[in-house]
Amino acid sequence: MHRIKCLNAISKVGTDSFLKNYALTEDMEEAEGILVRSADMKETALPETVLAVARAGAGVNNIPLERFAEEGVVVFNTPGANANSVKELVLCAMMVASRNVIAAAEWVRSIRDSENIEKDVEKGKKAFVGSEIKGKKLGVIGLGAIGAEVANAANELGMTVYGYDPYLSVNGAWMLSREIRHATSLSELCAVCDYITIHVPLTDKNPGMIGAKEIAEMKEGVVFLNFSRDKLVDETAMAEALQSGHVRAYFSDFANALSVKMKNAIITPHLGASTEEAEDNCAVMAVKELMDYIDNGNIRNSVNYPNCDMGVCQSDLRIALLHRNIPNMIGQITGVLARRNINIANMTNKSRDRFAYTLLDLEGQLDEGCLKELKAIDGMIRFRTVTGA
């Protein structure tokens, strides 16, 4: 029986999708996998039993990716599972900001005791005249699962959409409508767009990627939407731009001490993926990733190890090796097996930065001496045998 620990409340639709040889546990010491949403794991010490952590969501800034990689713990996320939920909120935010919906509703509430409410409303509504989004230019920074959906939906609504993503994959490009225009630089996108939305992951290399320089390059009266992470935007510079009126509105899904006090800022309490459907989708996807890794050794949607998939384990034995991405690792591994006349029926090896992953389907079994020799190879981080579901 494989034991899984949940660090947050996880959708029952997801946990109910575990196979019968899986069970939830409250005891971290016996867990092979961990499901997490928002719990901060940066100081969490994992027992050696834990093979993988699956984040039921896209962002992983609450998980120490490098440390877990060094410990041989694969970390998964669920890209695309909440894409529709975030897309719908981005579209909603654009319309709310462009039509002054929040300010208008608050004003009506402020005069709710007026004896001439109908006349007052008709007289005062001109202060909240907005603009339509049809025909306007939208810039989408980051064209992954969410950014692509936002771009395509905005295009269908009649907007002219510019996309900027220097790391756009071939598969990502196929997801985009051919009517999406390619911005060759962030500066180009900023200069022409009436609305800008950002959809990139926060890493240790990109805090403040939207700073004073980028904001100054934006059109006067631009509306900026941030449903990724607050630290991607230099919010001190954004506050100044809002105060001056250079940025007409800032819509952020991340409340902090600065953002909640900004002029003309609309701040929501991290609602991007807060729909029942998104939570179910993320949980189901995270559960499937954990099971496929534990049962078959396959890695899909990892954020600290390379993706690697050999399908369902059907050989006599499959071995999974997490190791450093250094020369002669494959030679050493296959050499140990060759000296014992163990045939390799199937094999794959993938690397990602400093780490690599090797899966081998073998004909026959390994004796204790062979196991010890494989584990002792310099650069080996974690070795395990995979028996299948």
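Both Tyr-305 and Phe-355 are buried in this predicted model. Their rings form a tilted pair, because the centres are 5.4 Å apart and the planes meet at 55°. The pair also joins distant parts of the chain, since Tyr-305 belongs to the loop between H11 and E13 whereas Phe-355 belongs to strand E15, 50 residues away.

This is one of seven aromatic pairs in the structure. As general background, a pair of aromatic rings is described by two quantities, the distance of the centres and the angle of the planes. Phe-18 and Tyr-22 offer another example: their ring centres are likewise given as 5.4 Å apart, but their planes lie at 20°, so this pair is stacked. Phe-18 counts as buried at 12% relative accessibility, and Tyr-22 counts as buried at 7%.

Further ring pairs bring Phe-76, Tyr-293 and Tyr-357 together in a cluster. Tyr-293 has a charged companion as well: the charged end of Arg-384 sits over its ring, 4.6 Å from the centre. Leaving aside residues up to four places away in sequence, Tyr-293 touches Leu-51, Ala-52, Val-74, Phe-76, Asn-298, Ile-299, Leu-322, Tyr-357 and Arg-384.

Several of these aromatic residues reappear when the interior is considered. In soluble globular proteins, nonpolar side chains tend to be buried together. Here, the largest nonpolar core holds 32 residues, and those with the most contacts inside it are Phe-18, Leu-35, Val-74, Tyr-293, Tyr-305 and Tyr-357. At least two residues of this core come from each of strand E4 (52-55), strand E5 (74-76), helix H11 (276-296), E13, E15 and E16. Helix H11 gives the largest share, with eight residues. Another core lies apart from this one and has 30 residues, including Val-90, Ile-133, Val-140 and Leu-225.

Helix H12 (residues 329-338) shows how one element can be covered by others. Its buried residues are Met-329, Ile-333, Gly-335, Val-336 and Leu-337. Among the elements that cover them are strand E13 (317-324), strand E14 (343-352), strand E15 (355-363), helix H13 (368-375) and strand E16 (380-386).

A polar residue can be followed in the same way. Ser-85 is part of helix H3 (residues 83-98) and is buried, with a relative accessible area of 10%. A polar atom of the Ser-85 side chain lies 2.7 Å from the backbone oxygen of Gly-272. Beyond residues up to four places away in sequence, Ser-85 touches Gly-272, Ala-273, Ser-274, Thr-275 and Ala-278.

Finally, the cysteines can be examined. A disulfide is a covalent bond between the sulfur atoms of two cysteines. The count of disulfides in this model is zero. For Cys-6, the closest cysteine sulfur is that of Cys-282, and the 14 Å between the two sulfurs is too far for a bond. The search from Cys-282 leads back to Cys-6, again at 14 Å and too far for a bond. The surroundings of the two residues can be described as well: Cys-6 is partly exposed, with a relative accessible area of 21%, whereas Cys-282 is buried, with a value of 3%.

Conventions
Residues numbered from 1 in each chain as written. Predicted model: local features only at pLDDT ≥ 70, side-chain atom pairs only at ≥ 80, totals over all residues. Heavy atoms only, no water. Buried < 20%, exposed > 50% of the residue type's maximum accessible area, 1.4 Å probe, protein only. Helix = DSSP H or I, 4+ residues; strand = E, 2+ residues; numbered from the N terminus. Contact = heavy atoms within 4.5 Å. Polar contact = N/O pair within 3.5 Å; in protein donor to acceptor, adjacent residues only side chain to side chain. Core = buried A, V, L, I, M, F, W, Y, C linked by side-chain atoms within 4.5 Å. Disulfide = S-S within 2.5 Å. Phe/Tyr/Trp six-rings, centres within 6.5 Å; stacked < 30°, edge-to-face > 60°. Lys NZ or Arg CZ within 6 Å of the ring centre and 35° of its normal.
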